[in-house]
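Open the model in a viewer and keep the sequence panel beside it. The stops below go from the whole chain to single residues.

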Amino acid sequence: MLTAAVILTKCRQEHKLFGIRTEQREDGAWYATWAFKVSEDTAQREKFGDTKISGNIYVTTEYPTCPYCGGKGFFQCADCGKTTCWNGESETVCEWCGNSAETAAEEKFDSITGGGF
């Protein structure tokens with residue numbers, strides 16, 4: 001059985017909310033397969049921030065990039081735990097809490113919900 005969850009993320013350039021659809025496959029890992037613009041009202045109504053996922057999240061070839069700026073990936077903030085789109089920059093700022101940090105490609109994430117917008 002396929003398990004799917006949406007991670008709420010913010011665009012680092014446009015400062016807008018979007019969802020990343022992830023699915024857990026038979027190997028137990030999560031795969032980012034789709035990204036879409038979403039309003040805060042819709043995210044709340046659909047309870048996109050309620051599901052917690054942990055572990056490896058791989059960006060698939062189907063993943064279309066950030067719907068606002070074209071960022072090819074995303075990172076999880078070490079301070080607030082939320083995600084912001086990422087396009088390979090060595091230093092980034094979390095769009096949720098303003099934390100500035102060095103970033104690198106990651107696949108392992110800790111308990112992402114993306115809620116609390």
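Start with the whole chain selected. Of its 117 residues, 45% are buried. The model is a predicted one. The chain exposes about 6,300 Å², and carbon and sulfur atoms supply 44% of that area.

Now colour by secondary structure. There are 9 strands and 1 helix to find. Following the sequence, the elements come in the pattern β-β-β-α-β-β-β-β-β-β. If contacts are drawn between residues at least 6 apart in sequence, 50% of them join residues at least 24 apart.

**Strand 6 and its partners**

Select residues 83–86, which make up strand 6. Which way do the residues of strand 6 point? T83 and C85 go one way, while T84 and W86 go the other. Show the side chains on either side: all four of these residues are buried.

Add residues 3–10, which form strand 1. Strand 1 pairs with strand 6 in the parallel sense, over 2 bridges. To locate the pairing, pick T9, whose bridge partner in strand 6 is T83.

Next add residues 73–76, strand 5. Is the pairing of strand 5 with strand 6 parallel or antiparallel? The sense here is antiparallel, and the pairing runs over 4 bridges. Pick F75 in this case; T84 is its bridge partner in strand 6. Strand 5 and strand 6 form a hairpin, with 6 residues between them. Within the turn, stop at G81, which has a positive phi of about 85°.

**Two loop residues with positive phi**

Go to the loop between strand 1 and strand 2 (17–24) and select H15. H15 is not a glycine, yet its phi is positive, at about 60°. The relative accessible area of H15 is 51%, so it counts as exposed.

Then move to the loop between helix 1 (40–45) and strand 4 (53–59), where K47 is found. K47 is not a glycine either, and its phi is also positive, at about 60°. With a relative accessibility of 54%, K47 is exposed.

**The cysteines**

Select the cysteines and show their sulfur atoms. How many disulfides does a search of the whole structure find? The search finds 0. Take C66 and C11 as one place to check. The cysteine sulfur closest to that of C66 belongs to C11 and lies 3.8 Å away; there is no bond because that is too far. The cut-off used for a disulfide is a pair of cysteine sulfur atoms within 2.5 Å. C94 is likewise in no disulfide, and its nearest cysteine sulfur, that of C80, is 3.7 Å away. C66 is buried, at 3% relative accessibility. C94 is buried too, with a relative accessibility of 3%.

**Last stop: V59**

Select V59, in strand 4. Its relative accessible area is 41%, so V59 counts as partly exposed. Which residues touch V59, leaving aside its neighbours within four places in sequence? They are A32, K72 and F74. Finally, draw a distance from the C-alpha atom of V59 to that of T22: the separation is 9.0 Å, for residues 37 apart along the chain.

Definitions and conventions: Residues are numbered from 1 along each chain as its sequence is written. This is a predicted model: local features need pLDDT of at least 70, side-chain atom pairs count only at pLDDT 80 or more; totals for chains, interfaces and linings use all residues. Side-chain values use heavy atoms; hydrogens and water are left out. Buried means under 20% relative accessible area, exposed over 50%, partly exposed in between (1.4 Å probe, protein chains only). Two strands pair if DSSP finds at least two bridges between them. Contact means heavy atoms within 4.5 Å. Accessible areas come from the Shrake-Rupley method with a 1.4 Å probe; for residues, only the protein chains shown count as cover.
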